[in-house]
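Here is a short note on the ligand site. Please read it with the structure open.

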Amino acid sequence: RAREALGGRNLIFVGLMGAGKSAIGRLVAQQLSLPFVDTDAEIEKVSRMTISELFATYGETEFRALEARVMERLLHQSQRVVSTGGGAFINEQTRGHIKDGGLSIWLRADLDLLWERVRKRDTRPLLKTENPKQTLENLMNQRYPIYAEAELTVESADVRKETMAHNVLAAIAGLSAR
Ligand code: SKM
């Protein structure tokens with residue numbers, strides 16, 4: 001039923017780092033029998049650099065421009081499930097591509113859950129600050145009103161990813177019942 005409700009559109013996950021976009025997106029793609037792509041991974045592939053290297057070498061502005069191009073290209077291919085980098089939906093141009101390119105879904109999570117998941121990783125250039133938890137909270141405050149523009153919102157909880165995938169599919173299926 002979720003696949004019917006999608007009606008051939010792409011399904012695009014947005015939200016902050018640590019919300020589970022990639023893990024849940026991959027699982028939802030399997031369950032919908034659609035291909036999956038993660039835009040951060042795709043950017044790393046086309047640039048042959050890591051996200052951290054891209055930020056360090058070219059800066060955030062260039063990264064956002066590349067992200068916008070990659071998003072536009074990916075969303076114009078065959079139907080798929082896409083998980084996006086945490087800042088993708090915040091960039092006006094990329095947000096336009098996402099809104100035009102399929103059904104957007106915000107995985108919303110609270111600060112403690114996000115922090116537990118990102119604190120151990122060293123792959124997030126935006127969190128290389130004196131007080132990364134405060135930085136994460138600032139990002140939440142800036143970004144949550146914008147993520148809220150996604151067509152659907154699903155609350156990300158500290159539960160098994162299978163449960164989250166189920167919640168996502170139920171939310172999509174519910175669209176056709178509205
Ligand atoms: O796209 C990467 C990059 O580290 C920037 C980012 C962000 O702005 O929240 C999140 C990551 O997915």
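1. Start with Arg64. A side-chain N or O atom of Arg64 is 2.7 Å from an oxygen atom of the ligand. That is a polar contact (a pair of N or O atoms within 3.5 Å; within protein, one must be able to donate a hydrogen and the other to accept it, and residues adjacent in sequence count only if both atoms are side-chain atoms).

2. On the source: this is a predicted model, where local features need pLDDT of at least 70, side-chain atom pairs count only at pLDDT 80 or more, and totals for chains, interfaces and linings use all residues. Residues are numbered from 1 along each chain as its sequence is written, and side-chain values use heavy atoms, with hydrogens and water left out.

3. Asp40 also makes a polar contact: a side-chain N or O atom lies 2.5 Å from a ligand oxygen. Gly86 uses its backbone, with an N or O atom 3.1 Å from an oxygen atom of the ligand. The protein buries 98% of the 310 Å² that the ligand exposes when taken alone (Shrake-Rupley method, 1.4 Å probe).

4. The residues around the ligand (a heavy atom within 4 Å) include Met17, Ile51, Phe55, Phe63, Pro125, Leu126 and Arg143. By class, this shell has 6 nonpolar, 3 polar and 3 charged residues (Ala, Val, Leu, Ile, Met, Phe, Trp, Tyr, Cys and Pro count as nonpolar; Asp, Glu, Lys and Arg as charged; the others, Gly among them, as polar). Helix H4 (residues 51-75; helices are DSSP runs of H or I, at least four residues, numbered from the N terminus) gives the largest share, 4 residues.

5. The ligand sits in the largest pocket (more than half of its atoms lie within 2 Å of the grid points). A pocket is an open set of points on a 1 Å grid over the protein atoms alone, where a 1.4 Å probe fits, with protein on both sides within 12 Å along at least five of seven lines; lining residues have an atom within 4 Å of a point.

6. H4 also gives the largest share of that pocket's lining, 6 residues.

Notes
Helices (H or I, at least four residues) and strands (E, at least two) are DSSP runs, numbered from the N terminus.
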